[in-house]
Amino acid sequence: MPCLLSQCFPGGRQEEEDGGDDVQTALRETHEEVGLASDCIDPICRLATMESVNGLCVTPIVAYLKEFQMEQLVLCQQEVEAAFAVPLSYFSEERNCASKEEIEWKGNSFVMRTFFFEDPASGRTFKIWGLTAAIVYQVAQIAMLDEGEIIDQPLMEAAKETTDSSKTTKGSLMRLQVSSSGKTYWSKRFFVKSGDMLHQYDSEEHASRKSLSATKKNRLKISDCQVSMPTSIDQHQEYAFSVSVLGGRIEWTLAASSETERSKWIAGFQ
């Protein structure tokens, strides 16, 4: 009987040493798990952050491997049982999809695909499904697109999300924060709203260096956010507004320098 294994891409939790950079996290985790050095990897783009069914934020980094051979891999025995390679074109051919299931999750509709890949190198059969299948299918649909061909609108939006300037709002805002002693205070930060994500950086220079790779605690998924005006706020921050998600469980209170600037930001969330 073939061995059916669930699998995933190299990856893991962002560490302090990554400096809040998703690309550095991906490079470090890849080296730790399968032994590939960063000079063998040429990052191409960052896809939109996804949320797994168990609540984890996953940010796919798409990269090109330079002069890669499977023999280069050195697997971490504590984390990786086996590694295999699949041609990207495999996922662009519908006949290779073993099943498709339409599911509803958090008010949205998704198609869950399952693939069974017979690896000629090992003779084993690997099951590719769930979030891993969703990521690689999305990449395949974009990468294998013929010139002039039109693909599904959701995929087009995913490919455009980080570059469409018409969906981007950026600038400095004050943010109300709480110290370890429980006292509240205002701090100036630089914010970038791109697609359905709001990113916070220490400064505009930091935002330029890190692109859209703020640490998980410093970004919000705002596709279903609520914007409100605080009723009791410091009188010196009269242009304040609050952005909340997850039914109010997470809330950022921000303040602009003028009514015009506040209106610009609020319009960006609608």
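Start by selecting helix α2 and colouring T132, A133, I135, V136, Y137, Q138, V139, A140 and Q141: these are its buried residues. Keep in mind as you go that this is a predicted model. While α2 is on screen, put a distance between the C-alpha atoms at the two ends of residues 130-143. You should find 20 Å, which agrees with the 20 Å expected for 14 residues at 1.5 Å a residue.

Next, go to helix α1, residues 22-34, and pick D22. Is D22 buried or exposed? With a relative accessibility of 5%, D22 counts as buried, because the cut-off for buried is under 20%. Now show the side chain of Q14 as well: the D22 side chain makes a polar contact with it at 2.9 Å.

Now for the sheet. Select seven strands and follow them in the order β12-β11-β10-β9-β15-β14-β13; together they form an open sheet with antiparallel pairing. Which strands stand at the edges? They are β12 (219-221) and β13, each with a single partner strand, so one side of each has no neighbour in the sheet. If you look along the sheet, the twist from one strand to the next averages 35°.

Zoom in on β15, residues 250-255, and pick A255. On one side, β9 is joined to β15 by two bridges, and these strands run antiparallel; here M174 has A255 as its bridge partner. Then turn to β14, which pairs with β15 over six bridges, again in the antiparallel sense. In this pairing A240 stands opposite A255. Follow the chain around the hairpin of β14 and β15, where four residues lie between the strands, and stop at L246. How does the backbone look there? L246 takes a positive phi near 55°.

Finish with helix α5, residues 259-268. Which of its residues are buried? Select E261, R262, W265, I266 and G268. These residues cover an arc of only 155° around the axis, which puts them on the same side of α5. A helix fact helps in reading this pattern: with 3.6 residues a turn in an α-helix, residues three or four places apart point the same way.

To see what covers those buried residues, bring back the sheet: the cover includes β9 (168-178), β10 (184-194), β11 (197-201), β13 (226-228) and β14 (240-245). Rotate until you can view α5 lying across β9, β10, β11, β13 and β14, and note that α5 runs at about 100° to β9.

Notes:
Residues are numbered from 1 along each chain as its sequence is written. This is a predicted model: local features need pLDDT of at least 70, side-chain atom pairs count only at pLDDT 80 or more; totals for chains, interfaces and linings use all residues. Side-chain values use heavy atoms; hydrogens and water are left out. The expected span of a helix is 1.5 Å times one less than its number of residues. Buried means under 20% relative accessible area, exposed over 50%, partly exposed in between (1.4 Å probe, protein chains only). The arc is that of the directions from the helix axis to the C-beta atoms. Contact means heavy atoms within 4.5 Å. A polar contact is a pair of N or O atoms within 3.5 Å; within protein, one must be able to donate a hydrogen and the other to accept it, and residues adjacent in sequence count only if both atoms are side-chain atoms. Two strands pair if DSSP finds at least two bridges between them. Axes are lines fitted to C-alpha atoms, for helices over the stretch in contact, and angles run from 0 to 180 degrees between N-to-C directions.
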